[in-house]
Amino acid sequence: YEYGEDGDRVFIAMELIQGKELKEFIAEEARFDLPGIVHMMDELLDALGFAHSHGVVHRDIKPSNIVVLKDGRIKVTDFGIARLESSTLTQAGNVLGTPSYMSPEQFMAQRVDGRSDLFSTGVLLYELLTGEKPFIGNSFATIMHKVLRETPIPPSELNITLPTVFDAVVAKALAKRPDERFQDARAFAQALDAALAGRPMPVDTS
């Protein structure tokens, strides 16, 4: 909200929010119902769509960077390693992010765009739907291999109450190649809403 200087000190003022990190809900093994999960993802995707439309890529979407407010809305926090698409301050060659939620292009230290955030959102969606992360390992190298080479078990095989239509949505979000994923946050949200309504995934024309 504000930026200023006080002598040789620089400060920023940010919004004060009251809520709980999504990471805490997951640690407590809290289960969200399917409409609640889709609502949360829609809110996250709306926030990311706004950021991406302004050329900002978050690059570290994960449960600890999502705060659930008392009224069910969410806030996306910690843009500490976010990148402006027009900026040259962060060059390709730097591996930044949290391994279990990183996209293949992040592991390969390639330049990323908004589709990398959508991959991370897909990882989070998988975790909320199944209670498990799609890519796990005891080391950075193991997780990287799985993200780059392995296809996760379809969510409906881990959660038998989940309609199988969600498998296709998750698979598209977690595609290894950015060109094969949802091309923007709006398309991802539309696919989720269709799955919740029991309809097949709409064609992504973005």
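Is isoleucine 12 buried or exposed? In this predicted model, isoleucine 12 has a relative accessibility of 58% and therefore counts as exposed, the cut-off being over 50%. The residue belongs to strand β2. None of the 5 residues of β2 is buried, so the strand lies largely in the open. Isoleucine 12 also takes part in a nonpolar surface patch together with Tyr3, Val10 and Met14. The accessible area of these four residues together is about 490 Å².

Strand β2 is paired with strand β1, which spans residues 2-6. The pairing is antiparallel and runs over 5 bridges. Within it, glycine 4 has phenylalanine 11 of β2 as its bridge partner. The two strands form a hairpin, with 2 residues between them. Glycine 7, in the turn, has a positive phi of about 65°.

Nonpolar side chains are also found in the interior. In soluble globular proteins, nonpolar side chains tend to be buried together. Here the largest nonpolar core comprises 42 residues. The residues with the most contacts inside this core are Leu22, Met41, Leu44, Leu125, Phe182, Phe188 and Leu192. At least two core residues are supplied by each of α1 (22-27), α2 (34-53), β5 (66-69), β6, α4 (114-130), α5 (140-149), α7 and α8. Helix α4 gives the largest share, 8 residues. For leucine 125, the contacts beyond its neighbours within four places in sequence are Ile37, Met41, Val170, Phe188 and Leu192.

Charged side chains form a further set of interactions. Side chains of opposite charge can pair when their charged atoms come close. The model contains 10 salt bridges. One of them joins glutamate 15 to lysine 75, with 3.2 Å between the closest N and O atoms. Glutamate 15 sits in the loop between β2 (9-13) and β3 (19-21), whereas lysine 75 is part of strand β6 (residues 74-76), so this salt bridge ties together parts that are 60 residues apart in sequence. Both partners are partly exposed: the relative accessible area is 38% for glutamate 15 and 24% for lysine 75.

A second salt bridge is formed by arginine 73 and aspartate 71, at an N to O distance of 2.7 Å. Arginine 73 is partly exposed, at 40% relative accessible area. Aspartate 71 has a relative accessibility of 51% and counts as exposed, because the class begins over 50%.

What is the distance between the closest N and O atoms in the salt bridge of arginine 181 with glutamate 105? The value is 2.8 Å. This pair links distant parts of the chain, 76 residues apart. Arginine 181 is located in the loop between α7 (165-173) and α8 (185-196), and glutamate 105 in helix α3 (residues 104-107). Arginine 181 is buried, with a relative accessibility of 1%. Glutamate 105 is likewise buried, at 5%. Both values fall in the buried class because that class covers relative accessible areas under 20%. Elsewhere, Asp113, Arg115 and Asp179 are joined into one network by salt bridges that share partners.

Terms used
Residues are numbered from 1 along each chain as its sequence is written. This is a predicted model: local features need pLDDT of at least 70, side-chain atom pairs count only at pLDDT 80 or more; totals for chains, interfaces and linings use all residues. Side-chain values use heavy atoms; hydrogens and water are left out. A salt bridge is a side-chain nitrogen of Lys or Arg within 4 Å of a carboxyl oxygen of Asp or Glu. Helices (H or I, at least four residues) and strands (E, at least two) are DSSP runs, numbered from the N terminus. Buried means under 20% relative accessible area, exposed over 50%, partly exposed in between (1.4 Å probe, protein chains only). Two strands pair if DSSP finds at least two bridges between them. A nonpolar core is a set of buried Ala, Val, Leu, Ile, Met, Phe, Trp, Tyr and Cys residues joined through side-chain atoms within 4.5 Å. Contact means heavy atoms within 4.5 Å. Patches are made of residues with over 30% relative accessible area and no salt bridge: like charges are joined within 9 Å, nonpolar side chains (Val, Leu, Ile, Met, Phe, Trp, Tyr) within 5 Å. Accessible areas come from the Shrake-Rupley method with a 1.4 Å probe; for residues, only the protein chains shown count as cover.
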